[in-house]
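Reader: I should be grateful for a close look at a single part of this protein. Could you please take the strands at its centre of interest and then relate them to the rest of the chain?

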Amino acid sequence: MDTRSLWEHTLTFFPQFLSALRERAPADATVAVVGASDGKFVLPLAATGHHVIAFERDPVALHGGEVKLPGGAITHSRGLIDRLRMAGLDGQVRLVEGDFLDTEYAEHRCDAVWTSCSWHYSANHRRPLPDFVTRMQSLLRAGGLFGAEFMMPVEQRHTLVEHYTSPEKLSRHFTTGWDMLLTLRTNEFIERPHVGQLHDHTHRMGLLLAARSTN
Ligand SMILES: C[S@@+](CC[C@H](N)C(=O)[O-])C[C@H]1O[C@@H](n2cnc3c(N)ncnc32)[C@H](O)[C@@H]1O
């Protein structure tokens, strides 16, 4: 039975996040994934022994349902819950279903937090980008690892929305109390069609990795 993520072919700096995680936290560390979708990052983290807290607001991503694929075909996609169960990893993952910006969840004990291209979603534009970033930061213990890859502006309309940001702008939220570990940016690149973007499309992406200071 195929349980691949619908997002498996999209560009990611997750390997850079993983290598920083391995340097800084034990194999059973707790990692929060904000915008977990159907588990492209949750499953590999859980499979390597991490405890994962997965935040996701989209019921289809969690429970499965009909999705439109490039070419127009409609398919039934497995959601995160099914994929975890089939991989025998459901015991490793705590799901927090709902909007991350509204959730009451705040344990402040995670060893790391990761998000991939989530905060530019239009549902998040009603709140300033720093709300999203500081909520992620607040999940971390001292020494914890913050990782975010994000969309940078490509079209004119993106320049009007602060959620399409840059490593430089985002860094301003990581001054006092943070050690900056890595920032990266791509040039514009063409990504092949995938769910949600049914035609070739242009992206520009950034990455920021930082650690909460221990003193
Ligand atoms: C680009 S998608 C896919 C995630 C990732 N890029 C991947 O490859 O699996 C980002 C996900 O973030 C989720 N998301 C965006 N804003 C969110 C929020 N405020 N709370 C919870 N989930 C959110 C969306 O529902 C979507 O599933």
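**Strand S6 and its surroundings**

Author: Six bridges join strand S6 to strand S7 (residues 140–151), and the two run parallel. The model is a predicted one. Within this pairing, Ala 112 of S6 has Leu 145 as its bridge partner in S7. Strand S6 is also joined to strand S1 (residues 30–34), by four bridges and again in parallel. There, Val 31 has Ala 112 as its bridge partner in S6. Ala 112 is thus bridged to Val 31 and to Leu 145.

Strand S6 itself covers residues 110–116, and seven of its seven residues are buried. In the protein as a whole, 33% of the 215 residues count as buried.

The nonpolar core may be considered next. The largest such core has 45 residues, and among those with the most contacts inside it are Val 31, Val 33, Val 42 and Val 113. Strand S11 (residues 205–212) gives the most to this core, with six residues. Val 42 offers a detailed example: leaving aside residues up to four places away in sequence, Val 42 touches Val 33, Ala 36, Val 52, Ala 54, Leu 80 and Val 93. Of these, Val 33, Val 52 and Ala 54 are also listed among the residues with the most contacts inside the core.

Another part of the chain shows an antiparallel arrangement. Strand S3 (residues 65–68) and strand S4 (residues 74–77) pair in the antiparallel sense over four bridges. Lys 68 stands opposite Ile 74 in S4. The hairpin of S3 and S4 has five residues between the strands, and Gly 71 in this hairpin takes a positive phi near 100°.

The loop between strand S9 (189–191) and strand S10 (201–203) holds Val 195, and Leu 198 has its place in that loop too. Val 195 counts as partly exposed because it has 19 C-beta neighbours inside 10 Å, whereas 20 or more would be required for a buried residue. Leu 198 is likewise partly exposed, since 13 other C-beta atoms lie within 10 Å.

Both residues can be related to the region of the hairpin. Val 195 touches Leu 6, Val 67 and Leu 69, not counting residues up to four places away in sequence. The C-alpha atoms of Val 195 and Leu 69 are separated by 5.5 Å, although these residues are 126 residues apart along the chain. Leu 198, with the same exclusion, touches Lys 68, Pro 70 and Pro 193. Leu 198 and Pro 70 are 128 residues apart in sequence, yet 4.6 Å apart in space from C-alpha to C-alpha.

Such pairs may be set beside a figure for the whole protein: among contacts between residues at least 6 apart in sequence, 68% join residues at least 24 apart. The protein contains six helices and eleven strands. Its C-alpha trace spans about 55 × 45 × 30 Å along the principal axes. A compact globule of 215 residues would have a radius of gyration near 17 Å, and the protein, with 17 Å, agrees with this.

The ligand remains to be described. Of the 20 residues around the ligand, Trp 7, Gly 35, Lys 40, Phe 100 and Ser 118 come nearest. By class, the shell comprises eight nonpolar, seven polar and five charged residues.

Methods:
Residues are numbered from 1 along each chain as its sequence is written. This is a predicted model: local features need pLDDT of at least 70, side-chain atom pairs count only at pLDDT 80 or more; totals for chains, interfaces and linings use all residues. A residue is near a molecule or strand if its C-beta atom, placed from the backbone, lies within 6 Å of it. Ala, Val, Leu, Ile, Met, Phe, Trp, Tyr, Cys and Pro count as nonpolar, Asp, Glu, Lys and Arg as charged, and the others, Gly among them, as polar. Two strands pair if DSSP finds at least two bridges between them. A residue is buried if 20 or more other C-beta atoms lie within 10 Å of its own, exposed if 12 or fewer, and partly exposed in between; C-beta atoms are placed from the backbone. Two residues are in contact if their C-beta atoms, placed from the backbone, lie within 7 Å. The radius of gyration is taken over C-alpha atoms; the globule rule is 2.2 Å times the number of residues to the power 0.38. A nonpolar core is a set of buried Ala, Val, Leu, Ile, Met, Phe, Trp, Tyr and Cys residues joined through C-beta atoms within 7 Å.
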